[in-house]
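Visitor: I have a model open and would like to learn how to read it. Where should we start?

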Amino acid sequence: MHITDTIADMLTRIRNANSAKHDTVDIPASKMKTSIAQILLDEGYIKAFTVIPDEKQGTIRITLKYGEGKKPIIQGLRRVSKPGLRIYSSSEEMPKVLKGLGIAIVSTSKGVITDKQARREHVGGEVLAFIW
């Protein structure tokens, strides 16, 4: 089966595993997905992730993070820029997720970074997803 939007697939797998209160979720690996997982780790939305190599592209195993009473840390994930409609933003017009409580993941010329980093480094790019 060929997946058109691999980032949306990654976010959906994380959302579904979060809802089902799974400890880990496996996602087919790519450089873009690995950098998104790194941002989620740096921002404290997941516990850990490892890239498991195999004969093909490998797998990213993400360990999800929960709070009191198995309450998910990730409240919501939303894909913004889709293959059918790309959404770009300059550093001045970078969207704020929940007035700064969440993060926007942005693909820029300096790599995949958060909206806060993009504003700080004065770079714009494609807004990939919102996470809160």
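What follows is a short dialogue on strands, helices, cores and single residues.

Guide: Keep in mind that this is a predicted model.

Visitor: In what order do the strands of the open sheet of 3 strands lie?

Guide: Sheet order is read across the strands, not along the chain. Here the order is β1-β3-β2, and the pairing is antiparallel. β1 and β2 are the edge strands, each with a single partner, so one side of each has no neighbour in the sheet. On average, neighbouring strands are turned by 20 degrees against each other, with direction ignored.

Visitor: How many bridges join β1 to β3, and how many join β2 to β3?

Guide: Bridges show which residues face each other across a pair of strands. The antiparallel pair β1 and β3 has 5 bridges. In that pair, proline 28 has threonine 59 of β3 as its bridge partner. For β2 and β3, also antiparallel, there are 6 bridges, and threonine 50 stands opposite arginine 61 in β3.

Visitor: What do β2 and β3 form, and which residue in the turn has a positive phi?

Guide: They form a hairpin with 6 residues between the strands. The residue is glycine 58, whose phi is about 95 degrees.

Visitor: Which strands do α1 and α2 lie across?

Guide: Read a helix against a sheet by its contacts first, then by its angle. α1 lies across β1 and β3 and runs at about 165 degrees to β1. α2 lies across β1, β2 and β3, at about 155 degrees to β2.

Visitor: Which residues of the largest nonpolar core touch the most other members?

Guide: A core is read from its members and the contacts among them. This one has 27 residues, and those touching the most other members are Ile14, Ile36, Ile62, Leu64, Ile105 and Ile131. At least two residues come from each of α1, β1, α2, β2, β3, β6 and β8. α1 supplies the largest share, 5 residues. Apart from this core lies another, of 10 residues, including Val106, Ile113, Val123 and Phe130.

Visitor: What does isoleucine 105 touch, leaving out residues up to four places away in sequence?

Guide: Its contacts are Ile36, Ile39, Val112, Ile113, Glu126, Val127, Leu128, Ala129 and Ile131.

Visitor: Is threonine 108 buried or exposed?

Guide: Burial is judged from relative accessibility, with under 20% counted as buried. Threonine 108 is at 12%, so it counts as buried. This residue is found in strand β6, residues 103-108.

Visitor: What does the side chain of threonine 108 reach at 3.1 Å?

Guide: It reaches the backbone nitrogen of lysine 110. A polar atom of the threonine 108 side chain also lies 2.8 Å from the backbone oxygen of glycine 111. Beyond four places in sequence, threonine 108 touches Ile113, Val123, Gly124 and Gly125.

Visitor: And lysine 96: buried or exposed?

Guide: The cut-off for exposed is over 50%. Lysine 96, at 58% relative accessibility, therefore counts as exposed. Lysine 96 lies in the loop between β5 and β6.

Visitor: What is lysine 96 in contact with, leaving aside its neighbours within four places in sequence?

Guide: An exposed residue is read for contacts in the usual way. Lysine 96 is in contact with Asp115 and Arg119. In addition, the C-alpha atoms of lysine 96 and lysine 116 are separated by 8.7 Å, although these residues are 20 apart along the chain.

Conventions:
Residues are numbered from 1 along each chain as its sequence is written. This is a predicted model: local features need pLDDT of at least 70, side-chain atom pairs count only at pLDDT 80 or more; totals for chains, interfaces and linings use all residues. Side-chain values use heavy atoms; hydrogens and water are left out. Helices (H or I, at least four residues) and strands (E, at least two) are DSSP runs, numbered from the N terminus. Buried means under 20% relative accessible area, exposed over 50%, partly exposed in between (1.4 Å probe, protein chains only). A polar contact is a pair of N or O atoms within 3.5 Å; within protein, one must be able to donate a hydrogen and the other to accept it, and residues adjacent in sequence count only if both atoms are side-chain atoms. Contact means heavy atoms within 4.5 Å. A nonpolar core is a set of buried Ala, Val, Leu, Ile, Met, Phe, Trp, Tyr and Cys residues joined through side-chain atoms within 4.5 Å. Two strands pair if DSSP finds at least two bridges between them. Axes are lines fitted to C-alpha atoms, for helices over the stretch in contact, and angles run from 0 to 180 degrees between N-to-C directions.
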